[in-house]
Each structure stands twice: as structure tokens, then as C-alpha cells.
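Me: I am new to this structure and would enjoy a close look at a single part of it. Could you choose one and walk me through it slowly?

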Amino acid sequence: MKTKVGIIGGGPSGLLLSQLLDLKGIDNIVLEKHSREYVLGRIRAGVLEHGFAALMREAQCGERMDAEGEIHDGFYIAEGDKKRRVDLAGHTGGNSVMVYGQTELTRDLYDARSKMGGKVIHNVEDVTLHDLKSDAPHITYRDGDDIIRIDCDYVIGADGFHGVSRKSIPKDVLKEYEKLYPFGWLGVLSRTKPVSPELIYAKSDRGFALCSMRSQVLSRYYIQVPMSDKVEDWSDDAFWAELKARLPKEVAAELETGQSIEKSIAPLRSFVAEPMRYGNLFLAGDAAHIVPPTGARGLNSAASDIYYLYHALLDHYKDGDDTGLENYSEKALARIWKAQRFSWWMTTLLHKFPDNIPYDDRLQQTEMDYLFSSEAALTSLAENYVGLPF
Ligand code: RFL
Ligand code: PHB
């Protein structure tokens, strides 16, 4: 087979790029390791930057998002029994975020790809990248006993943190930065009314908690847990009791509980691989970087990579201009590192750190006091949360 752009990974990054390129007549093939059902079974992000929402519309995938997603102009930060609002719109000249789940967004992208007859090949095995430094790279994968070869101009590594693309870059070329946090997030999805119309990020002596949602009848809650905890250790009752204990009393009193539909523990990790280009391979999304979910940047950072790549490929194929491709790594990384900084800051502000000395705790407290005493600090939080410009 032959195509212009070979995309490894059928998660949100790969599908969005595939859809955008196809709309401009740029032929591409997506190779996905798992089935569509498996990909859609993952419950992940829930908050989209306004720039990402605009990109979904440009990809002609914004209809259901606009109908069913919710625009949020602010969120709350709770501390003990106190709850204070961060006015996103007020601090950013009217910007907001879109609350719409990654699962639904990915479903919309798959539906759009199917409608356009997009080439998305599932259940591929042993994906291998070849001749990345040459003008004629190719990809092979196994389908049963057959080895299939795809020749292309460019390979896009959008295959997530555990994918094969990043690992195809020689170790002496790639520099990896990593920080692991000494806790994870236990997340629960439940068919209950969200406790608050806007998200609540809660700092408490017992650890962090987050009240989020997928719709007015579907809630998503998280609590900070030690990495040694196992999902099986947490009954639904134990989860609800611990969540309530970490929320302000007036919020806890309103919390509607129910059976969990999904329950999982995600580690908190910061990771960046540099550079994001090796020959004709370009990395995008989780394949190149991971953030702890506290700042809601993970999926949004993936979308900004796709924005840069899409425009770079468009410039190449439509105008013969390679500046965007040449600058991709540097441009993407500049924004990624800002998302890293913000995610680290939010995580440090709100979590309970087991190894903190009393001095660290007082600094953490001072950071919170400063935040709510300074319009400049609130503006900084708000402009990062709604998304820095692409
Ligand atoms: P994805 O979504 O991981 O998709 C990559 C796809 O590549 C496939 N793949 C391969 N395909 C072919 N060959 C191979 N060798 C392959 N290896 C892997 C995989 O099956 C998969 O379908 O990466 P992408 O598209 O870059 O999207 C990034 C987002 O998914 C990610 O940034 C966010 O979900 C991160 N994230 C969260 N972000 C938030 O903003 N808020 C959250 O609450 C939030 N929760 C999470 C998360 C990520 C999690 N992970 C990675 C475990 C919770 C979890 C558990
Ligand atoms: C979510 O709804 O899953 C969510 C929202 C905000 C975050 C992280 C996760 O910061």
C-alpha cells in the first residue's frame, strides 16, 4: 500500500489529524493496535480548551460536542470547608472551556472517519517503522500470517505513551525527562447528577479530590490515593465515604452517590521526549509527552501538536513550504513545556505530598493564599486553564 501520511495510533491525536488531512485531500492511513470498541472503552479526559473545540469544528466533528457538551466559564477550588470560584471568563476576556468527554469526542472522530471512508485499520500487530531518515520511509505490520507494507512520505507517531514510535528513535538522539508523583488518582464514573454545575478541585488534609462530570446525569469523581492501592481495595461505599470526607461539608451533603460504572487508578506522571521529530517521523500527543491530569492539559496538549502538524503538512502539500515541518518540534515543545509547568503547579498546589516537611506545607498554603489575593495570579491560572494560544 502507498499513502502520503502513515499515522500510527487511532486515539484522539491520530484520528483528528487523519480527519483534518482527509478534508484537505491529503491521503493518509491510520494503524490502530486495538479494536474501536476497546479504544472507546477508555474513560479519560473531560475538559477541552476552546482552541481544541474550534479544531473539532474545523474537522467537521463539532456538532454533537456543541449540542451535548457544556461551556464552563469557571471552576471552584475548595480547601477544607471553603470553596472559592475561579472566574475563567472574567480573567481571560471571555474565554471558557468545553466539558465533553474524550470517549464521546473519539466516537465522533471515528464516525466522521467512517462517513468519509477514511482508512483506519484496527487490530494491527507488530507495527514496525523503517528508513525514517530516508525520503522513502515505510511501515510494516502483521495481519495474521501476512506482513503488510505501507510506503509513505511521513510517519506520524500518535500511538500513546506505550507505543512503538518513540521507541524507534535511537536512544542517543532522544532525551527523555520524567517525574513520577508518589500517588495516583482513583476515578469513578457514576450515573448520578453532578454535585456541582462547575468542577470542584478540592485540597484537603486527607488528600486531593475532584468533582467533574460528563453530562447532567453522568458524574466523574477522583480521589488521590497511594500508588500501592489497588482498585479492588476500594468498594463503592469506601470511595464515596472518602470523597465526602475531602469535600466541604455543604458540598458533601449534596453529593448523590450510586453504583460505579467504571473505576480505575491512573498514575501521576510528567514526561517529555525531545526532539519530537526524527527524520520523517513526527511524534504527537502522549507518544511524546504526559502530564498529571490536575491541570486538564493531557488531551489538550495532544490537540495542539495536531494543530501544528496539520498546518505544517498543509503548507508542505499545498504550497511546497517546509518551514512548519522544520519548526514543528521546537514549536510544539515550547507549548508542551508550558503545559508541563502548569500541570506541575496545579498538582503541587492541590495534593497532599507524603514526604513534605512542615516548611513545604506552609509554602503550599502560602501559594493558595497568594492565588486568591492576587488578580495577577488568578489571571495566570485562568489563561493557562483555558489554553495558551497555539
Ligand atoms: P492515546 O489516547 O493513548 O492513543 C494512542 C493510540 O495508539 C494505539 N497504539 C498503537 N497503535 C498501533 N501500533 C502500536 N504499536 C500502538 N501502540 C499503541 C493505542 O491503542 C491508542 O488507541 O494517545 P493520544 O491520541 O495522543 O491522546 C492523548 C490522550 O488520550 C491523553 O493525553 C489523555 O487521555 C490523558 N489523560 C487525561 N487527560 C486529561 O486532560 N484529563 C484526564 O482526566 C485524563 N485522564 C489520561 C487520563 C490518560 C490516561 N492514560 C494514558 C493511562 C487517564 C488515564 C488512565
Ligand atoms: C475529568 O473530567 O476526567 C477531568 C476533568 C478535569 C481534570 C482532570 C480530569 O483536571
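Reply: What follows is a walk through one small sheet and the stretch of chain that leads into it.

A few words on the model first. This is a predicted model, in which local features need pLDDT of at least 70 and side-chain atom pairs count only at pLDDT 80 or more, while totals for chains, interfaces and linings use all residues. Residues are numbered from 1 along each chain as its sequence is written, chains are lettered from A and ligands numbered from 1 in the order in which they are written, and side-chain values use heavy atoms, with hydrogens and water left out.

Now to the sheet itself. It is open and built from three strands in the order β9-β10-β11, with antiparallel pairing. (Strands are DSSP runs of E, at least two residues long, and helices are runs of H or I, at least four, both numbered from the N terminus; two strands pair if DSSP finds at least two bridges between them.) At the edges stand β9, residues 125-130, and β11, residues 146-151; each has a single partner strand, so one side of each is left without a neighbour in the sheet. From one strand to the next, the twist averages 20°. That angle is taken between N-to-C directions, on a scale from 0 to 180 degrees, using axes fitted to C-alpha atoms.

Let us zoom in on β9 and its partner. Four bridges connect β9 with β10, residues 138-143, and the two run antiparallel. One residue to look for here is Arg142 in β10, the bridge partner of Glu125. In general, strands of a sheet pair through backbone hydrogen bonds.

The side chain of Arg142 has a contact of its own, with Asp126: the two meet in a salt bridge, 2.8 Å from N to O. (A salt bridge is a side-chain nitrogen of Lys or Arg within 4 Å of a carboxyl oxygen of Asp or Glu.) This pair links distant parts of the chain, since Arg142 sits in β10 and Asp126 in β9, 16 residues apart. Arg142 counts as partly exposed at 25% relative accessibility, and Asp126 is also partly exposed, with a relative accessible area of 49%. (Buried is under 20%, exposed is over 50%, and partly exposed lies in between, using a 1.4 Å probe and protein chains only.)

Step back along the chain and you reach the loop between β8, residues 119-121, and β9, where Asn123 lies. Asn123 has a positive phi, about 55°, although it is not a glycine. Its relative accessible area is 47%, which makes Asn123 partly exposed.

Next comes β8, with Lys119. Here you meet another of the 24 salt bridges that the structure holds. Lys119 pairs with Asp27, and their closest N and O atoms are 2.8 Å apart. Lys119 belongs to strand β8, while Asp27 lies in the loop between α1, residues 12-23, and β2, residues 28-31, so the pair ties together parts that are 92 residues apart in sequence. Both ends are within view from outside only in part: Asp27 is partly exposed, with a relative accessible area of 28%, and Lys119 counts as partly exposed at 37% relative accessibility.
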